[in-house]
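Biologist: Could you walk me through this model, one question at a time? I would like to follow the reasoning behind each answer.

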Amino acid sequence: MSLVVGIDAGTQSVKLVVYDPADRRVLATHGQALELIARDDGSREQHPEWWIEAIRACFAKLDPTLRKRVAAIGVSGQQHGFVPLDADGKVLAPAKLWCDTSTQAECAEIMDGVGGAQQCVQLAGNPILAGYTASKLPWTRKHRPEAYARLASILLPHDYVNFWLTGERWMEYGDASGTGWLDVRTRQWCKPLLAATDAQRDLSALLPPLVAADASFTLSPIIAEELGLPRNVRVSAGGGDNMMAAIGTGNVTPGVLSMSLGTSGTLFAYAAQPIVDEAGGWAAFCSSTGGWLPLICTMNCTVATEAVAKAFGFSTRDGDTVMAETTPGANGLVMLPFFNGERTPDLPLARGGLFNLDLNNFTRANVYRAAMEGATYALRNGYDLLQAAGMGFDAIRLTGGGSQSAVWRQMIADVFALPVEVPAQAEGAALGAALQALWALEKTGNASADLAAIAREHVQLNTALATYPDAQAVAAYRPAYRQFLRHLDGAKALYAERQPASG
């Protein structure tokens with residue numbers, strides 16, 4: 001029987017999942033770590049060739065008999081990255097990533113060019129935040145003028161992987177909405193924002209065609225031979241990692257709230273129409289299913305827990321054991337885990353802080369717990385915005401590396417006072433990419449193939465990992481969360497003074 005492959009090109013690694021739709025099970029999962037170029041100015045970059053090398057390595061680990069059964073591939077990629085290509089399709093410079101905060105001045109310049117952040121939201125549904133693709137263009141013009149002069153094509157990370165796989169360039173609406181240039185209400189490029197980014201060039205000519213979520217393309221014969229795959233393999237439109245995680249967690253109809261605990265932390269939900277916050281409190285993205293995806297993103301999630309574990313000399317795999325004797329609130333410790341700056345709230349120049357230290361609570365266990373709690377509280381702060389807008393949910397569907405921690409699952413249930421469900425497949429973005437590939441494959445023979453039906457059939461929950469709020473812990477977290485918010489208010493006042501002015 002035919003198999004589908006999901007590739008997730010993330011910040012820390014590339015993951016590959018092989019899924020058997022007939023048996024409804026994952027047959028293989030492989031991963032390859034990635035390096036990150038980090039500089040003191042907030043730059044975070046990777047060479048796109050690293051993603052390709054990692055994908056090659058993952059396929060090399062895959063049994064040849066499975067490779068021969070592959071019928072379709074879907075690609076998930078970290079959002080917002082900027083891959084500059086010349087007229088021959090060659091990469092001109094390292095890709096600036098979603099977590100790159102070096103372009104804050106350029107964000108302000110673009111928004112000022114259309115009349116400020118609020119006018120930006122009016123035009124396209126979103127402000128231009130640090131990390132979004134748009135601000136990376138003027139930064140490149142200033143700091144890499146030779147590359148900018150030769151720039152002929154703008155791709156996002158998953159677009160570049162698709163380009164390598166097929167030799168064709170395209171962009172789908174979900175990932176495109178994370179550039180900052182797409183009007184999410186009309187699903188068209190916003191000409192005023194493109195002009196504000198560079199008034200001297202027609203940037204729309206550098207952007208690839210936009211395609212529907214169910215589009216698919218033929219795998220390049222050269223790549224098929226190199227990877228040991230059949231020549232008739234289809235490559236689906238793909239999407240950003242959050243868009244693919246939505247599919248992989250079954251979040252393709254209203255009422256489901258997904259949370260991803262990865263390098264970044266995200267909350268997102270499906271909507272059948274654009275959900276725009278006039279204050280820009282959340283990202284008003286499109287989905288990679290034909291709908292929309294209101295999303296909260298925090299830039300520091302497992303980044304925080306991994307940094308603490310490294311500093312104290314243990315592995316996050318042992319984190320639950322390290323925290324065994326701690327209690328909700330970390331004995332008074334509060335961490336603002338802004339190691340990479342922050343997006344929600346919009347504080348790209350912020351840095352982390354650890355508060356309320358005394359001689360009794362300063363232990364590795366409490367600091368680790370404070371990091372985990374800080375990342376969780378930051379997501380809860382975003383959830384409060386969704387609640388204030390009238391959105392309600394009955395449960396949280398959890399994915400990402402952090403979901404494998406029993407302590408973290410319980411913490412999420414208690415801090416949000418909601419049950420937590422965990423999909424059986426931990427790699428939600430990679431599985432989502434595989435299921436989108438299955439949808440595209442079925443569409444070739446059945447125009448009415450329904451992604452929601454596919455998700456209902458193939459997204460399974462691990463009932464053994466279901467977690468429910470503990471009333472005593474829920475009560476204990478309330479004052480601890482309020483304490484976090486007080487310190488967050490202080491950080492807003494401190495770091496707002498250092499933000500470039502806009503509108």
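What follows is a friendly run of questions and answers about this predicted model.

Biologist: Let's start with charges. How many salt bridges does the count come to?
Modeller: A pair counts when a side-chain nitrogen of Lys or Arg lies within 4 Å of a carboxyl oxygen of Asp or Glu. By this rule, the number of salt bridges is 17.

Biologist: Arginine 69 and aspartate 20 meet in a salt bridge; how many residues apart are they?
Modeller: Their side chains meet with an N to O distance of 3.8 Å. Arginine 69 is in the loop between α2 (64–67) and β6 (70–77), while aspartate 20 belongs to strand β2 (residues 13–20). The pair therefore links distant parts of the chain, and the separation is 49 residues.

Biologist: Is aspartate 20 buried or exposed?
Modeller: Its partner, arginine 69, has a relative accessible area of 31% and is partly exposed. For aspartate 20 the relative accessible area is 4%. Buried means under 20%, so aspartate 20 is buried.

Biologist: Which residue forms a salt bridge with glutamate 45?
Modeller: Glutamate 45 counts as buried, at 1% relative accessibility. The closest N and O atoms of the pair are 3.3 Å apart. The partner is partly exposed, with a relative accessible area of 34%, and it is arginine 39.

Biologist: Which residues are linked with Arg39 and Glu45 in a network of salt bridges?
Modeller: Arg39 and Glu45 form a salt bridge with each other. The network that holds them also takes in Lys96, Asp100 and Arg144.

Biologist: Lysine 96 also has its charged end over a ring. Which ring is it?
Modeller: Lysine 96 is part of the salt-bridge network. Its charged end sits 3.5 Å from the centre of a ring, and that ring belongs to tryptophan 139.

Biologist: Which helix holds lysine 142, the salt-bridge partner of glutamate 106?
Modeller: The side chains of glutamate 106 and lysine 142 meet at 2.9 Å, N to O. The pair links distant parts of the chain, 36 residues apart, with glutamate 106 in helix α3 (residues 104–114). Glutamate 106 is buried at 4%, whereas lysine 142 is partly exposed at 39%. The helix that holds lysine 142 is α5 (residues 133–143).

Biologist: How many of the 11 residues of α5 are buried?
Modeller: Among the buried residues of α5 are Thr133, Leu137 and Trp139. What covers the buried residues includes β5 (44–46), β8 (95–96), α3 and α9 (191–197). The helix is largely enclosed by the rest of the structure, because the number of buried residues is eight.

Biologist: Now for the aromatics. How is the pair of tyrosine 160 and phenylalanine 163 arranged?
Modeller: A pair of aromatic rings is described by the distance of the centres and the angle of the planes. Here the centres are 6.4 Å apart and the planes make an angle of 55 degrees. Planes under 30 degrees apart count as stacked, over 60 as edge-to-face and the rest as tilted, so this pair is tilted.

Biologist: Why are tyrosine 160 and phenylalanine 163 separated by about one helical turn?
Modeller: An α-helix has 3.6 residues a turn, so residues three or four places apart point the same way. Tyrosine 160 counts as buried at 9% relative accessibility, and phenylalanine 163 counts as buried at 15%. They are about one helical turn apart because they lie three residues apart in helix α7 (residues 157–166).

Biologist: Which residue of the aromatic cluster with Tyr377, Tyr477 and Phe484 touches asparagine 381?
Modeller: Asparagine 381 is in helix α14 and counts as buried, at 15% relative accessibility. Not counting residues up to four places away in sequence, it touches Pro345, Tyr481, Leu485 and Leu488. Tyr377, Tyr477, Tyr481 and Phe484 form one aromatic cluster, so the residue is Tyr481.

Biologist: And on the surface, what is the area of the nonpolar patch made by Phe312, Leu357 and Phe362?
Modeller: Phenylalanine 362 is found in the loop between β22 (353–355) and α14 (364–388). At 49% relative accessibility it counts as partly exposed. Together with Phe312 and Leu357 it makes a patch of about 290 Å².

How values were computed: Residues numbered from 1 in each chain as written. Predicted model: local features only at pLDDT ≥ 70, side-chain atom pairs only at ≥ 80, totals over all residues. Heavy atoms only, no water. Phe/Tyr/Trp six-rings, centres within 6.5 Å; stacked < 30°, edge-to-face > 60°. Helix = DSSP H or I, 4+ residues; strand = E, 2+ residues; numbered from the N terminus. Buried < 20%, exposed > 50% of the residue type's maximum accessible area, 1.4 Å probe, protein only. Lys NZ or Arg CZ within 6 Å of the ring centre and 35° of its normal. Patch = residues over 30% accessible without salt bridge, like charges linked within 9 Å, V, L, I, M, F, W, Y side chains within 5 Å. Areas by Shrake-Rupley, 256 points an atom, 1.4 Å probe, with all protein chains shown as cover. Contact = heavy atoms within 4.5 Å.
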